[in-house]
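Mentor: Pull up a chair and let's go through this together, one question at a time.

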Amino acid sequence: VTITTRLLVSHLSGIRHYEKDITKVKEEKEKANRALKLTKPCQDKEQKEKEGKGIEKTDSVKPGKEHEGEAKSRNSKPGRKDKEFEQEEYYLKEKFESVIESLKIFKNDPLFFKPGSQFLYSTFFFTLLSAVVERVSGQKFTDYMLKMFRDLDMLSTVLDDNEAMIYNRARCYVYNKKGRLVNAPYVDNSYKWAGGGFLSSVGDLLKFGNALLYSYQAGQFKNTKGKLLPGYLKPETVAMMWTPVPKTEVSWDRDGKYAMAWAVVEKKQQCGCCRQQRHYASHTGGAVGASSVLLILPEELDSEATDTGLVAPPRGVIVTVICNMQSVSLNSTALKIAREFDKEKQAQ
């Protein structure tokens, strides 16, 4: 078979996630689909009642399994251990000297399906993609990324290296079997630098979100008289990254699709006076003892704003949350925050 980088970044490659048993993966998917079918009529009924009373609807979350347990933990105590974190590979303690070396973890395992035919979220896709970056750039992946972080002024974003002394590194926490808060176990994330091996701060992630939003919108602004600097990425590159890919799904928002390493909800309104779906991009993250989200809600720009040159990008709301607790659902919270700021902005 042929696996392209496009298939990799959309999780259509067939490469496994932490679960090695394909039967269990299929069972979980079927269970999630059944749960979605059962909850959809209830959610639709609730939505109609809310619309009848003139109450604004908040975002819906698609039930199903995801690497950070977004849907599951909505109805459970924050930080509770879910089945996702029962997988042994989350707790690897081996130190890998390069991302090429870490490919040995899964390189001989069979694909779960023909590439391009099904969606399956896989952290190991990020590992393989980082190996591609290493080969193409001729640099160590970690060196390549740290240079990019410096370019973006993300000076607090570093490798989660256990041996290094890192200023203000937070401790991470989990709940034990008795439901008590304890320190997260020791792990070495060198096998997945790209999929969960960096430490960052809220400030740095906001810079990262703004850089992407600026790049996305830079091409839309006219009459800037050369005063507008180019984005870090080309506008068409970000637009491509934020274009939903067929056959994909997103567990943390059933309105969304997976794009290229981002989850995306498209702008949509089926009928007049019906619920409006705003365009936004986001990604959640989950690791041993930590949870995170970065959500970008672009402002809906009209021709007057882009043609006059009186405003400049980035225009929109960026929300990021980093939590030193395992299995905390954050996307719906981030979306509510973004909507509140957006509503306040429109009212001004």
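Trainee: What is the relative accessible area of Glu340?

Mentor: Here buried means under 20% relative accessible area and exposed over 50%, with partly exposed in between (1.4 Å probe, protein chains only). Glu340 falls in the partly exposed class because its relative accessible area is 47%.

Trainee: Before we go on, what pLDDT do local features need in this model?

Mentor: Residues are numbered from 1 along each chain as its sequence is written, and side-chain values use heavy atoms, with hydrogens and water left out. This is a predicted model: totals for chains, interfaces and linings use all residues, side-chain atom pairs count only at pLDDT 80 or more (pLDDT being the predictor's confidence in each residue, from 0 to 100), and local features need pLDDT of at least 70.

Trainee: Back to Glu340, then. With which residue does Glu340 form a salt bridge?

Mentor: A salt bridge needs a side-chain nitrogen of Lys or Arg within 4 Å of a carboxyl oxygen of Asp or Glu. The closest N and O atoms of this pair are 3.2 Å apart, and both residues lie in helix α10, three residues apart, about one turn of the helix. The partner is also partly exposed, at 40% relative accessibility, and its name is Lys343.

Trainee: And which residues do salt bridges that share partners join into one network?

Mentor: Helix α10 holds the pair we just saw, Glu340 and Lys343. A network, in contrast, comes from salt bridges that share partners, and its members are Arg16, Lys20, Glu89 and Asp109.

Trainee: How many residues apart are Arg16 and Glu89?

Mentor: Their side chains meet in a salt bridge at 2.8 Å, N to O. The pair links distant parts of the chain: Arg16 is in the loop between α1 and α2 (22-52) and Glu89 in the loop between α2 and α3 (99-102), so named from DSSP runs numbered from the N terminus (helices: H or I, at least four residues; strands: E, at least two). Their separation along the chain is 73 residues.

Trainee: Are Arg16 and Glu89 buried or exposed?

Mentor: Arg16 is at 3% relative accessibility. Glu89 has a relative accessible area of 9%. By these values both Arg16 and Glu89 count as buried.

Trainee: Which residues does Gln87 touch, not counting residues up to four places away in sequence?

Mentor: Gln87 sits in the loop between α2 and α3, and it counts as buried because its relative accessibility is 16%. A contact means heavy atoms within 4.5 Å. By that test, Gln87 touches Tyr18 and Glu19.

Trainee: Which residue meets the side chain of Arg278 in a salt bridge?

Mentor: The two side chains come to 3.3 Å, N to O. The pair links distant parts of the chain, 22 residues apart: Arg278 is in the loop between β6 (263-265) and β7 (280-287), while its partner is in the loop between β8 (290-298) and α9 (303-308). Arg278 counts as buried, at 17% relative accessibility, whereas the partner is partly exposed, at 42%. That partner is Glu300.

Trainee: How many disulfides does the structure hold?

Mentor: A disulfide is a pair of cysteine sulfur atoms within 2.5 Å. The sulfur of Cys172 is 9.2 Å from the closest cysteine sulfur, in Cys323, so it is too far for a bond. Cys273 is in no disulfide either, the nearest cysteine sulfur, that of Cys274, being 7.5 Å away. The number of disulfides in the structure is zero.

Trainee: Which residues make the nonpolar surface patch of about 270 Å²?

Mentor: Patches are made of residues with over 30% relative accessible area and no salt bridge, joining like charges within 9 Å and nonpolar side chains (Val, Leu, Ile, Met, Phe, Trp, Tyr) within 5 Å. One member lies in the segment before α1 (5-9), and that residue is exposed, with a relative accessible area of 78%. The patch is made by Val1, Ile3 and Leu111.

Trainee: Where does pLDDT stay under 50?

Mentor: The protein chain averages a pLDDT of 86, and 85% of the residues score at least 70. Even so, there is a stretch for which the model has 82 contacts beyond four places in sequence while pLDDT stays under 50: residues 50-76.

Note on methods: Areas by Shrake-Rupley, 256 points an atom, 1.4 Å probe, with all protein chains shown as cover.
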